[in-house]
Amino acid sequence: MGRLCFPKCRLGRIMGWLQVVLGGLVIIVSISSLIRFYSAGFFMRNEDICHQFYGVKYVYDGFDIKALSDRVGDVLNKMESLQEKLELKVQEMEKNKEVLLRNNITILEYKKYLELEVIRPLYNAHIALRQIRLPKVGGIRNSTMKEEPLINTFVIEEIRKYITPKENRLGKINIYGTERIYNTIGHACVLYKKELEEYMDYDIGSYCNDDWNIAQKLMVNGCDPLPRRRCLTRASKVYQKPYSINESLWRLPDDRNVRWSNYQCRNFECLSSKNPKRGYSKCTGCFEMEKEKLKWVTNSSLPVDFLINDVLAIKPGLIRIGLDFGFGTGSFAARMREHNVTIVSTALNLGAPFNEIIALRGLIPLHVTLNQRLPFFDNTMDLIHTTGFMDGWIDLLLMDFILFDWDRILRPGGLLWIDRFFCNRKDLDDYMYMFLQFRYKKHKWVIAPKSKDEVYLSALLEKPSRAI
């Protein structure tokens with residue numbers, strides 16, 4: 001009878017002792033945190049620390065007090081939550097004492113409960129506490145606090161390893177003239193901590209999840225650049241050899257070369273403009289190659305449609321490389337390739353595999369958003385073409401930053417081709433100023449009605465030399 005009492009009678013007593021132990025752990029964690037703060041010098045009479053710590057800033061000299069405080073708070077909350085859960089469990093067992101005495105709890109069930117409800121939460125709290133990084137004392141004769149930016153913001157170890165500065169081996173200066181390399185992430189990643197930690201939660205060296213959609217969501221919401229990952233990208237299980245360049249420019253790729261799991265459609269035929277459930281709204285018809293072939297080479301009824309031959313004739317032989325900042329399947333780049341002009345096409349997979357089709361056509365996709373600085377050096381592009389993406393919905397201040405970035409990468413004498421920009425008629429003057437403020441030479445400037453309340457604007461502008 002005494003032996004049978006172990007799973008029945010002693011469980012309540014053990015749970016009670018667990019509460020006592022857990023309460024002691026909370027006290028120990030609090031004391032250890034205070035000791036770590038003390039050892040870091042926070043309780044010393046240091047005027048600089050006092051000034052910064054008790055001022056209005058949460059971040060000073062590279063050290064994020066708020067992130068550290070939040071991390072300690074998370075650990076204490078985990079411990080407190082576990083204690084409350086155990087207390088409720090003991091109370092429940094006390095109420096159901098008679099039922100508990102009649103039921104036999106096996107050692108295996110008891111072990112499973114301890115592992116899931118006690119040991120694992122304690123382990124997570126322990127790891128979170130150990131991951132706290134206190135600032136290091138930097139410099140020779142000063143006590144400036146230094147800390148890796150954002151290190152206490154994230155829990156996933158792979159993110160922490162990524163953003164930790166990488167010191168050069170043997171203390172040497174690297175090719176960039178620095179002592180260490182800082183890997184960068186977008187500042188808005190802090191606002192999307194849950195999504196970023198999900199994105200970076202993987203087994204190193206194994207296959208990545210099919211989660212490019214999470215990456216793109218992070219990018220468009222300002223968590224850009226994203227951290228690199230150390231997992232293997234998945235490809236289609238039935239990937240086929242792409243078509244040759246002479247064939248691929250104006251032919252839809254093989255459906256088997258795309259992973260369709262994150263799209264509404266499952267093949268290119270489904271993306272036809274005739275299908276109301278194609279999953280995307282912009283660039284209607286751009287997956288229909290016969291229609292795409294007619295763009296920029298045949299006369300249109302609208303005066304805002306310029307022909308490629310007319311544009312290239314303005315700078316014969318001088319348009320060699322360029323950027324197509326828009327929304328499409330790469331048809332502008334394909335047509336320019338026929339004139340020996342290399343075009344990089346920006347693309348976002350907004351409901352359809354735009355990056356994939358551009359690459360499978362033998363062209364260059366650039367997966368970027370409006371949020372970021374373009375990855376090109378100053379005064380390098382002969383041509384920037386934009387259509388179908390940056391229209392009258394865009395904030396004027398955001399547009400101003402974008403246009404100045406375009407001006408930065410466009411070389412002196414380069415061409416800015418604004419193709420069918422449209423906006424509300426009452427907003428036209430504001431947008432016209434945005435384009436005209438750079439004092440580019442006008443080669444073409446056409447305004448035409450789009451509807452009763454909207455208008456099109458197309459222009460071909462040449463950047464001045466500004467030789468200063």
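**Talking through helix α16 and its neighbours**

Modeller: Among contacts between residues at least 6 apart in sequence, 66% join residues at least 24 apart. Keep in mind that this is a predicted model. Its secondary structure comes to 16 helices and 13 strands, and 42% of the 468 residues count as buried.

Colleague: Thanks! Let's start with a pair of helices. Why are α15 and α16 called roughly parallel?

Modeller: Two packed helices are described by the angle between their axes and the distance between the axes. Here α15 (residues 396–409) and α16 (residues 428–436) pack at about 20°, with axes 10 Å apart. Angles under 35 degrees count as roughly parallel, and α15 and α16 therefore earn that description. As for handedness, α15 passes α16 in a right-handed crossing.

Colleague: Which residues make the contact between α15 and α16?

Modeller: From α15 come Leu396, Met399, Asp400 and Leu403, and from α16 come Asp430, Tyr431, Met434 and Phe435. By class, this contact has 6 nonpolar and 2 charged residues, with no polar ones.

Colleague: What makes Tyr431 count as nonpolar?

Modeller: It's a matter of the classes used: Tyr is listed with the nonpolar residues, while Asp is listed as charged.

Colleague: Good to know. How do you know that the buried residues of α16 line one face of the helix?

Modeller: The buried residues are Leu428, Tyr431, Met432, Met434 and Phe435. Seen down the axis of α16, they fall within an arc of 155°, so they line one face. There is a general background to this: an α-helix has 3.6 residues a turn, so residues three or four places apart point the same way. On the other side of α16, Asp429 and Tyr433 are exposed.

Colleague: And what do the buried residues of α16 pack against?

Modeller: Their partners are α15 and three strands, β11 (410–424), β12 (441–449) and β13 (454–462).

Colleague: One last residue, Arg425. Why is Arg425 called partly exposed?

Modeller: Buried means under 20% relative accessible area and exposed means over 50%, with partly exposed in between. Arg425 has 43% relative accessibility, so it counts as partly exposed.

Colleague: Where does Arg425 sit, and what does it touch?

Modeller: You'll find Arg425 in the loop between β11 and α16. Leaving aside residues up to four places away in sequence, Arg425 touches Pro449, Ser451, Lys452, Asp453, Glu454 and Val455. Take Pro449: it is 24 residues from Arg425 in sequence, with 8.7 Å between their C-alpha atoms.

Terms used
Residues are numbered from 1 along each chain as its sequence is written. This is a predicted model: local features need pLDDT of at least 70, side-chain atom pairs count only at pLDDT 80 or more; totals for chains, interfaces and linings use all residues. Side-chain values use heavy atoms; hydrogens and water are left out. Axes are lines fitted to C-alpha atoms, for helices over the stretch in contact, and angles run from 0 to 180 degrees between N-to-C directions. Helices (H or I, at least four residues) and strands (E, at least two) are DSSP runs, numbered from the N terminus. Angles under 35 degrees count as roughly parallel, over 145 as roughly antiparallel, 65 to 115 as roughly perpendicular and the rest as oblique. A crossing is left-handed if the near helix is turned anticlockwise from the far one by less than a right angle, and right-handed if clockwise. Contact means heavy atoms within 4.5 Å. Buried means under 20% relative accessible area, exposed over 50%, partly exposed in between (1.4 Å probe, protein chains only). The arc is that of the directions from the helix axis to the C-beta atoms.
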